[in-house]
Amino acid sequence: MKKILQINAVYEEGSTGRTTKELNEYLQARGYESRIAVSAGSQEENIFLIGNKFDHKLHAMFSRIFGLQGYFSYFATKKLLSYIDKEKPDVVHLRNLHGNFINLPLLFGYLSKKKIPTVITLHDCWFYTGKCCHYTVIKCDRWKKDCGNCPKLHDDNVSLFFDHTRRQLNDKMKFIQSLPHVAVVGVSDWITNEAKKSKVFRSVSDISRIYNWIDLEQFHLVDSGNLKKELGLYDKFIILSVASGWSEKKGLDKIFDLAKGLAEDVAIVLIGHYSPNEKKIPENILLVGTVRNPQLLSAYYSMADLYLNMSLEESFGKVSAEALACGTPVIAINSTANAEIIGPGCGFLFDKFDKKEVLLTIERVKKETKKKYESKCTQWARENFSEEINAEEYIKIYEKVIGLKGI
């Protein structure tokens, strides 16, 4: 029985945490031994917790001071390597590692020395840049060469004093080159094609795309009448938007601006953490906080007449895919991976935010009703974001890299 170890920042929470959990359960159902190593998550039998809150805070502090992320947590990572030694996985699957919890030189040195087949999933751009998770808004392409003189030094993984982006980029290239058996997976065509332009993956011949999946048993069109009553929105046309944390990066300023032009029978519902600021929240916006329960989240998607994604930088856009699975058409900005997630007849794309045009589109969907889009949305989700289809693609990659070890 083959054993797979996934390493990610979190388990169960957020898009990467949910994907890690779902793949863990799928692998177990398929007869694989599945192990998880995370910085935060459930204390289940097959989950190894890397470090503790004190170590994570110390790592974050050192990262900010010295401008190096992934170079601390020495003892926590040594314990992880002892765990890997004991478990002896056939494949180590690396996901989101930029959460101030792991020592990259130690980890990659170990994987290289032990010749462990490795799969890397690109949930964002961090693996092939000097430090950035995204770079399209600022139109930076330094990552294609050497980084340095970073325009986002105080953004994403913040560095207060030093610019070590060139060193980190070159180190990542050395780390990847040291792996004898490696496959890289992008979660969209957009990020996969971007990764192929990077010097970090220059030596990698196996770079492919596997879409993130949606648990279609959880996310599908359901009766949400009771939820609409509970929220006092029974007679409203509902626009929904979801984010783990609300900020201008996720289009919050655009959503607030849009709310001012909506008709009286239209309401916006925002799911996700929101830190109050000086901006007054429009009366037609309802903040419901974080929703972790998949069944409840599915009810929110089903309740919505229209889903709004105003983020300019999406490696995949799982919330858009979940909305489509629940039959809800999507409005999004035509940038990064947004365009490929929204299928034909499943929504509307704008090259840039145009308040007047978006308001006209909302009125159009009101007149046509959500019913016009439901079947196309759900069919597109089934064809492209099925867990059974896409998780099976990971198994094929696991078997492939395991096979390479024997050559």
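The exercises below, each with a worked solution, concern helix packing and empty space in a predicted model.

**Exercise 1.** Determine how helix α4 is oriented relative to helix α5, and which residues form their contact.

Solution. Begin with the axes: those of α4, which covers residues 104-114, and α5, which covers residues 165-178, come within 9 Å and cross at roughly 20°. Angles under 35 degrees count as roughly parallel, and α4 and α5 are therefore roughly parallel to each other. Next take the hand of the crossing, which for α4 and α5 is left-handed. Then turn to the side of each helix that faces its partner: α4 contributes Leu104, Pro105, Phe108 and Ser112, and these meet Phe175, Ile176 and Ser178 of α5. Sorted by class, this contact of α4 with α5 holds five nonpolar and two polar residues, and no charged residues.

**Exercise 2.** Carry out the corresponding analysis for helices α3 and α4, giving the angle, the hand and the contact residues.

Solution. Helix α3 spans residues 74-87, and its axis lies 10 Å from that of α4, with a packing angle of about 25°. By the cut-off of 35 degrees, α3 and α4 are therefore roughly parallel to each other. The hand is read next, and α3 passes α4 in a right-handed crossing. On the α3 side, the contact is made by Tyr74, Thr77, Lys78, Leu81, Ile84 and Asp85, while α4 answers with Leu106, Leu107, Tyr110 and Lys114. The classes for the contact of α3 with α4 come to six nonpolar, one polar and three charged residues.

**Exercise 3.** State how many cavities of 30 Å³ or more the structure has, and describe the lining of the largest cavity and of the second largest cavity.

Solution. Searching the whole structure yields four cavities of 30 Å³ or more. The largest cavity encloses about 80 Å³ of space, and among its 13 lining residues Cys132, Cys140, Arg142, Cys147 and Cys150 lie nearest its centre. That lining is made up of seven nonpolar, four polar and two charged residues. The second largest cavity holds about 60 Å³, and of the 14 residues lining the second largest cavity, Gly67, Lys131, Asn157, Ser159 and Gln168 are closest to its centre. The class count for the second largest cavity is four nonpolar, eight polar and two charged residues.

**Exercise 4.** Locate the second largest pocket by its volume, its central residues and the elements that contribute to its lining.

Solution. The volume of the second largest pocket is about 210 Å³. Thirteen residues line this pocket, and Ser224, Lys228, Ser302, Met303 and Asp305 are the closest to its centre. Three elements, α7 (225-231), α9 (294-303) and α13 (371-384), each give two or more residues to the lining of the second largest pocket. To finish, divide the lining of the second largest pocket by class, which gives five nonpolar, three polar and five charged residues.

Note on methods. Residues numbered from 1 in each chain as written. Predicted model: local features only at pLDDT ≥ 70, side-chain atom pairs only at ≥ 80, totals over all residues. Heavy atoms only, no water. 1 Å grid on protein atoms, 1.4 Å probe; cavity = no way out; pocket = protein on both sides within 12 Å on 5 of 7 lines; lining within 4 Å. Points joined across faces, edges and corners; volume = space filled by probe spheres on them. Helix = DSSP H or I, 4+ residues; strand = E, 2+ residues; numbered from the N terminus. Nonpolar A, V, L, I, M, F, W, Y, C, P; charged D, E, K, R; others polar. Axes fitted to C-alpha atoms, helices over the stretch in contact; angles between N-to-C directions. Parallel < 35°, antiparallel > 145°, perpendicular 65-115°, else oblique. Left-handed = near helix turned anticlockwise from the far one by under 90°. Contact = heavy atoms within 4.5 Å.
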